[in-house]
Amino acid sequence: MSENHGPLHVQTPLRASDEPYDPQTLADLVRDAELIVARYPQKRSALLPLLHLIQSVDGYVTGRGVTFCAEQLDLTEAEVSGVATFYTQYKRHPNGEYTVGVCTNTLCAVMGGDLIWDTVSEHLGIGHDETTEDGKVTLERVECNAACDYAPVVMANWEFFDNQTPESTVRLVEDLRAGKDVTPTRGATSVCSFKQMSRVLAGFSDGRADEGVGAGPASLEGLRIASGEQTYTRTAPAPAPEASKEQQS
Amino acid sequence: MTDLTPILTEFWDHPNSWTLETYEDKQGYQALRKALAMPAADLVQMTKDSGLRGRGGAGFPTGMKWGFLPPPDGGPRYLVVNADESEPGTCKDIPLMMAAPQFLIEGVAITSYAIGCNHAFIYLRGEVVHVYRRLLRAVEEAYAAGYLGKDILGTGFDLDVTVHAGAGAYICGEETALLDSLEGRRGQPRLKPPFPAVAGLYARPTVVNNVESIASIPPILSRGADWFADMGTEKSQGFGIFSLSGHVTRPGQYEAPLGITLRELVDMAGGIREGHRLKFWTPGGSSTPIFTDAHWDVPLDFESVAAAGSMLGTRALQIFDETVSVVRAVSRWTDFYAHESCGKCTPCREGTFWLKQIMTRLEHGQGTQEDIDKLVDICDNILGRSFCALGDGATSPITSAVQYFREEFGAGTSQPWWELFPPEKSVLFPVRAKETVSA
Ligand SMILES: Cc1cc2nc3c(=O)[nH]c(=O)nc-3n(C[C@H](O)[C@H](O)[C@H](O)COP(=O)(O)O)c2cc1C
Ligand code: SF4
Ligand code: FES
């Protein structure tokens with residue numbers, strides 16, 4: 001993200017970039033689009049992955065990307081834009097190299113997510129869906145990411161950073177900005193760029209499935225109880241209130 | 001006394017738990033071999049006999065759903081796996097697909113054969129890139145081993161599986177919105193009937209099932225419908241993954257027969273956070289009415305939870321201790337529903353907007369005396385009048401919280417929640433003195 005985008009946090013219209021793709025990029029896009037379309041019985045189904053593909057090239061859903069999708073799938077640009085604007089993962093303005101999402105749904109918020117959000121937002125000087133001036137980090141408040149047993153949860157390019165604190169999250173964003181490798185708690189061994197991640201979401205494997213753990217510690221708690229590795233104390237159920245009343249009468 | 005039953009979670013601790021090799025070492029794909037030698041109708045019957053009910057929230061009997069498909073007419077029929085897992089608190093399908101995706105792939109193959117489907121889809125929420133990698137890899141490995149593709153295991157059965165990533169929208173977990181999304185549209189629910197069984201994906205007969213429902217099929221086939229039906233309670237048979245989060249010593253995944261109680265689960269999880277006590281909890285995600293410390297011993301099966309005034313939902317037990325403001329918790333869920341309302345119907349679109357305004361006022365201690373009744377009144381107007389269950393879900397936390405903690409809502413007319421419940425006391429890490437949470 002070296003070119004100057006102007007104010008990064010302003011909502012720019014979907015048709016912001018109308019400069020055509022260069023011939024090589026276009027040829028690659030056409031080839032990839034054909035592979036995506038081939039996965040489905042009807043080609044319109046390819047639209048969501050195609051939009052991820054556009055983000056893998058442009059870093060957000062550009063005007064030219066919308067045009068490309070419309071042409072590939074015989075849709076109108078309005079139909080494509082209507083879909084692109086419905087889903088939160090499709091960005092309407094240039095995204096940072098890393099999307100950092102702090103879960104602020106109730107469970108994580110209460111367990112510390114709100115404090116993490118406040119700290120990292122203040123630290124970076126940006127709010128929701130805004131990007132640092134160096135173009136590195138776009139900060140987001142995200143909804144429950146299906147990891148509540150690891151609360152508070154932070155996502156970096158949609159890789160899990162479990163059991164976070166304000167300090168660990170500040171360190172995370174600083175390492176990302178400094179170009180240092182960071183390792184998700186459950187995920188690949190390092191966090192790839194927003195564009196690379198978007199290509200995976202378009203359904204193109206990056207060969208990293210075997211990296212990382214199968215399960216984190218919280219996922220294994222029940223298993224540890226069942227195997228006897230973790231012991232515990234049983235407490236007695238409370239007597240049912242109605243039943244005890246009946247006995248008295 | 002209930003013991004845990006690690007079945008889907010059995011080998012999650014294996015260093016390469018996600019590979020086909022590990023899965024085959026654990027008897028993986030034996031069930032598929034058995035299935036392909038059976039008449040498809042017997043598999044539907046087996047699933048009915050097992051008593052398996054959908055693990056995605058509503059608890060509809062799985063075998064019965066398969067049985068609703070019209071007789072084959074020569075055209076395509078589809079299986080679509082709902083892997084959108086986005087209901088707040090729910091966190092079982094994602095670790096399952098991360099740790100042991102082959103359970104799901106084998107389940108997809110068996111189910112597809114049972115319902116006469118030759119192209120199945122797995123719709124995964126887009127916000128979990130590593131899980132997508134694992135699923136793509138699992139499908140690739142299954143193709144290479146001849147468990148997917150053409151002429152599977154020499155039986156003449158063909159099956160293609162497409163793993164599709166969504167793009168961030170809770171409503172796409174609703175099965176008909178999911179189908180619209182999979183067709184490349186905005187994810188908005190469809191009018192029912194027709195149900196997906198009759199006109200689903202591309203208007204063709206379609207079964208939509210949750211990840212855990214489908215992953216449970218291989219073990220049921222391997223060990224028998226009776227084995228499964230003997231677990232759990234009379235009408236809520238089998239096992240399920242219970243997800244404990246929040247103020248317990250060891251949050252995590254606990255796979256147990258349905259009918260286990262919160263008390264038993266929290267005991268296993270090492271109790272409520274040291275020095276604290278239970279205040280309120282959700283039995284099945286944020287869309288299920290909250291419970292309190294009066295519900296420690298409610299058996300967590302579909303019937304008992306419903307009888308106690310809530311829903312089993314997705315067995316997402318979010319646990320909050322006495323340090324937590326119920327107004328704050330509910331208000332944040334309300335923000336979520338207002339944000340995720342797809343806008344298709346007026347009661348939910350407008351109603352969640354107003355609920356959010358009022359909850360925010362109450363959070364800041366700026367509510368009025370009428371606000372509590374107004375909340376309940378708006379909920380009344382949404383519940384049962386919305387186009388899909390998202391609207392109903394939005395009312396659950398509010399009406400239940402007002403029922404159990406009305407006085408706390410009353411306090412919201414004069415005092416902000418953070419004065420009554422300093423947020424530093426709820427967080428799971430040590431907080432330095434200067435840090436405080438803003439609303
Ligand atoms: C707003 C909303 C969100 C939902 N999200 C999910 C979900 O993420 N995963 C899921 O399996 N079911 C979800 N459901 C339930 C599905 O509509 C459907 O009942 C389920 O996928 C059927 O599968 P099952 O019978 O195997 O449970 C949701 C329902 C609603 C109304
Ligand atoms: S209830 Fe809400 S989410 Fe469901 S159709 Fe209506 S507006 Fe959309
Ligand atoms: S609430 Fe944060 S992951 Fe569920």
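Two residues are in contact if their C-beta atoms, placed from the backbone, lie within 7 Å. Keep that cut-off handy for the exercises below, and remember that this is a predicted model.

**Exercise 1. The contact between the chains**

Work out how many residues chain B and chain A each put into their contact, and which helix of chain B gives the most.

*Solution.* Start with the head count: 79 residues come from chain B and 70 residues from chain A. Next, look for the main contributor on the chain B side. That's helix H7 (residues 129-144), which gives 7 residues to the side touching chain A. Finally, sort that side of chain B by class: you get 38 nonpolar, 25 polar and 16 charged residues.

**Exercise 2. Sizing up chain B**

Decide how compact chain B is for its length, using its radius of gyration and the globule rule.

*Solution.* First, take stock of the secondary structure: chain B has 18 helices and 9 strands. Now for the comparison. The radius of gyration of chain B is 22 Å, and the globule rule gives 22 Å for 439 residues, so chain B is as compact as a globular protein of that length. For the outline, fit a box along the principal axes; the C-alpha atoms of chain B fill roughly 70 × 45 × 40 Å. Then check the inside: 61% of the 439 residues of chain B count as buried. Last, turn to the contacts in chain B with a separation of 6 or more, where residues 24 or more positions apart account for 71%.

**Exercise 3. Chain A by the same steps**

Describe the secondary structure of chain A, then its burial and its contacts.

*Solution.* Count first: chain A comes to 9 helices and 5 strands. Then read the elements from the N terminus on, which gives α-α-α-α-β-α-β-β-β-β-α-α-α-α. As for burial, 51% of the 249 residues of chain A count as buried. Among the contacts in chain A with a separation of 6 or more, 66% are between residues 24 or more positions apart.

**Exercise 4. The domains of chain B**

List the domains of chain B, and say how domain 1 and domain 2 meet.

*Solution.* The domain assignment splits chain B into domain 1 (20-229), domain 2 (239-321) and domain 3 (326-424). Take the first pair: the C-alpha centres of domain 1 and domain 2 of chain B lie 27 Å apart. Across their contact, 13 residues of domain 1 of chain B meet 16 residues of domain 2 of chain B. The domain 1 side has 3 nonpolar, 5 polar and 5 charged residues.

**Exercise 5. Placing ligand 1**

Why does ligand 1 lie between two domains of chain B?

*Solution.* Begin with the shell. It holds 23 residues, of which Gly54(B), Gly56(B), Gly173(B), Asn210(B) and Ser213(B) come nearest. The elements giving two or more residues are strand E4 (206-210) and helix H17 (389-411) of chain B, and the largest share, 3 residues, is from E4(B). Now bring in the domains: domain 1 and domain 3 of chain B both give residues to this shell, so ligand 1 lies between them. By class, the shell has 7 nonpolar, 10 polar and 6 charged residues.

**Exercise 6. The surroundings of ligand 2**

Find which residues are closest to ligand 2, and which helices supply at least two residues of its shell.

*Solution.* Of the 14 residues surrounding ligand 2, the closest are Cys342(B), Cys345(B), Cys348(B), Cys388(B) and Gly391(B). Moving on to elements, helix H15 (346-363) and H17 of chain B each supply at least two residues. To finish, sort the shell around ligand 2 by class: 8 nonpolar, 4 polar and 2 charged residues.

Technical notes
Residues numbered from 1 in each chain as written. Chains lettered and ligands numbered in written order. Predicted model: local features only at pLDDT ≥ 70, side-chain atom pairs only at ≥ 80, totals over all residues. Near = placed C-beta within 6 Å. Helix = DSSP H or I, 4+ residues; strand = E, 2+ residues; numbered from the N terminus. Nonpolar A, V, L, I, M, F, W, Y, C, P; charged D, E, K, R; others polar. Domains from an automatic or database assignment. Rg over C-alpha atoms; globule rule 2.2 N^0.38 Å. Buried ≥ 20, exposed ≤ 12 C-beta atoms within 10 Å, placed from the backbone.
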